[in-house]
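Colleague: I am new to reading structures, and I would like to learn how each label is earned. Could we go through one together?
Modeller: Gladly! Here it is.

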Protein chains: 2
Amino acid sequence: MTIDTNRRPSKRERTLAALVEHGLDLFERQGYDQTTVAQIARAAGVTEMTFFRYFPAKEHLLLDDPYDPQLTAAVAAQPRDLPPFLRAARGIRAAWRALPEPETPSIRRRVRIAAGTPSLRGAMWRNTGNTERAIVEQLVADGASPDEARVAAASVLAALVAGLFLWAEQERTTLADAIERALDVIEVGA
Amino acid sequence: MTIDTNRRPSKRERTLAALVEHGLDLFERQGYDQTTVAQIARAAGVTEMTFFRYFPAKEHLLLDDPYDPQLTAAVAAQPRDLPPFLRAARGIRAAWRALPEPETPSIRRRVRIAAGTPSLRGAMWRNTGNTERAIVEQLVADGASPDEARVAAASVLAALVAGLFLWAEQERTTLADAIERALDVIEVGA
DNA sequence: GCGCAAAATGTGAGTCACTAACATTATCGC
DNA sequence: GCGATAATGTTAGTGACTCACATTTTGCGC
């Protein structure tokens, strides 16, 4: 069930790590738009082509949006008699509250770059696609209409992303706090 | 104050109209991603270069997001004692309710293309930038904190866009109705 | 260690969005 | 008609991304 941390990482794992490492580094030092895929590849010791074998597009080095089963579970755990919008909001709240602390530095690095790059703000939104689909499915499974579910998921995720951006910009706050405050803004009725 | 509809449109106006006309036409017939800027330009009788003198990017032929002063006014007209999220939601509701009927066919055409093109869903979001800024400014001017204002504006606009997509997909509903229903989903508390 | 299938990577050529410097043509007021 | 200026064209380039095909590496059974 656990990952074997002793074995030497495979070549695939090593190049992936190298690409991410040098990519984030270059983005931070010269900006996302000023960094070329060829540069990242060269820094990682591979070809431009290889980069695209690991990421479908440049922006995916930064934004991955892995499907998170815990999120679905958290949404499902909300009381059924709540309107879908609130089920989504509270589910996201619970899921992020449970996020292990050690993961936040990596997230911060990524979000900070995305927040400071106009061309990425839209990409960030587009990349919530997996999460959005998962939330919609769960809401529908719990009895919401598809239309209602889509609006609720989109709106709540937009608040989440906005909260992430704010958190990345201001140094002092905790990730969990920022998310909570963002969700407080949109959960006005209760 | 009104536009002189009798005078022959200037060359600039004519090429602009031709680009939009043939662009939308090609997008509808072969899909956005399958349509090349060169194709649009050729259909409109100009060069690729000319296209980019009219639009900063391909997607701008579809999504323009002009700043709408009526929207700001509608947000400003909401009672100050309401939380920012509700002021934004109700402001948008009022502004779109007042939208003149004749404009909707053009919007529908555009939104339908955007809704059916994954690569444009993010672009649509990015292009609400002007509107978002305007709403944030108005909310802040009315006493909201900048953080709160940004989250509220982002979340409400996401609901609006989601509503637009739903409207574009289903034939029978009115634009105004679709927007109202979308906003109903997120205005749960009152 | 050895060999070999599969995985990982490289090469080269091409498409498309978009940019910039400079030359050319069309338009419109006079 | 004439001239300033707006509109357009030309050429050349960059960078993200794709594809077909060739080559190297890796890891595993023996």
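Colleague: What lies 2.6 Å from a polar side-chain atom of B:Thr50?
Modeller: A phosphate oxygen of DNA strand D lies there. Please keep in mind that this is a predicted model.

Colleague: What makes B:Thr50 and the phosphate oxygen of DNA strand D a polar contact?
Modeller: The cut-off for a pair of N or O atoms is 3.5 Å. The pair at B:Thr50 is 2.6 Å apart, so the label polar contact applies. You can try the reasoning on B:Tyr54, with a side-chain N or O atom 2.4 Å from a phosphate oxygen of DNA strand D. On chain A, a polar backbone atom of A:Val37 is 3.3 Å from a phosphate oxygen of that strand.

Colleague: Which elements give two or more residues to the surface near DNA strand D?
Modeller: They are helix H3 (48–54) of chain A, with helix H1 (11–30) and helix H3 (48–54) of chain B. H3(B) gives the largest share, four residues.

Colleague: How many residues surround DNA strand D, and which are the closest?
Modeller: There are 20 residues around DNA strand D, and the closest are A:Met49, A:Lys58, B:Thr50, B:Arg53 and B:Tyr54. Of the atoms of DNA strand D that come within 4 Å of the protein, 61% belong to sugar and phosphate. By residue type, the surface near DNA strand D has eight nonpolar, six polar and six charged residues.

Colleague: Which residues come nearest to DNA strand C?
Modeller: Among 20 residues around DNA strand C, the nearest are A:Thr50, A:Arg53, A:Tyr54, B:Thr36 and B:Lys58. Sugar and phosphate make up 60% of the atoms of DNA strand C that come within 4 Å of the protein. H3(A) supplies the largest share of the surface near DNA strand C, four residues.

Colleague: How do you know that A:Thr15 makes a polar contact with DNA strand C?
Modeller: The limit is 3.5 Å between N or O atoms. A polar side-chain atom of A:Thr15 is 3.1 Å from a phosphate oxygen of DNA strand C, so the pair qualifies. There are other phosphate oxygen pairs on this strand: a backbone N or O atom of A:Thr47 at 2.8 Å, and a polar side-chain atom of B:Thr36 at 2.8 Å.

Colleague: Why is the relation between chain A and chain B called a two-fold axis?
Modeller: A rotation of 180° with 0.0 Å of shift along its axis superposes chain A on chain B, with an RMSD of 0.1 Å. That is the relation of a two-fold axis.

Colleague: Why can we say that the copies meet through the same surface?
Modeller: Because 100% of the interface residues of chain A are also interface residues in chain B.

Colleague: Which residues have the most contacts inside the largest nonpolar core?
Modeller: That core has 126 residues, and A:Phe85, A:Ile186, B:Phe85 and B:Ile186 have the most contacts inside it. Setting aside residues up to four places away in sequence, B:Phe85 touches residues including A:Phe85, A:Val185, A:Ile186 and A:Val188. From chain B, its partners include B:Val156 and B:Ile186. In soluble globular proteins, nonpolar side chains tend to be buried together.

Colleague: Why is A:Thr104 called buried?
Modeller: Buried means under 20% relative accessible area. A:Thr104 has 14% relative accessibility, so the word buried fits. This residue is in helix H6 (residues 104–115) of chain A. Apart from neighbours within four places in sequence, A:Thr104 contacts A:Leu99, A:Trp167 and A:Leu175.

Colleague: What makes A:Thr117 buried?
Modeller: The relative accessible area of A:Thr117 is 7%, and the cut-off is under 20%. A:Thr117 therefore counts as buried. This residue sits in the loop between H6 and helix H7 (118–126) of chain A. A polar atom of the A:Thr117 side chain lies 2.9 Å from the backbone oxygen of A:Ile113.

Colleague: Why does A:Asn130 count as partly exposed?
Modeller: Partly exposed is the range between under 20% and over 50%. A:Asn130 has 35% relative accessibility, so partly exposed is the right label. You will find A:Asn130 in helix H8 (residues 129–141) of chain A. The side chains of A:Asn130 and A:Arg133 are joined by a polar contact of 3.0 Å.

Methods. Residues numbered from 1 in each chain as written. Chains lettered and ligands numbered in written order. Predicted model: local features only at pLDDT ≥ 70, side-chain atom pairs only at ≥ 80, totals over all residues. Heavy atoms only, no water. Near = heavy atom within 4 Å. Polar contact = N/O pair within 3.5 Å; in protein donor to acceptor, adjacent residues only side chain to side chain. Nonpolar A, V, L, I, M, F, W, Y, C, P; charged D, E, K, R; others polar. Core = buried A, V, L, I, M, F, W, Y, C linked by side-chain atoms within 4.5 Å. Buried < 20%, exposed > 50% of the residue type's maximum accessible area, 1.4 Å probe, protein only. Contact = heavy atoms within 4.5 Å. Least-squares fit on C-alpha atoms with pLDDT ≥ 70 in both.
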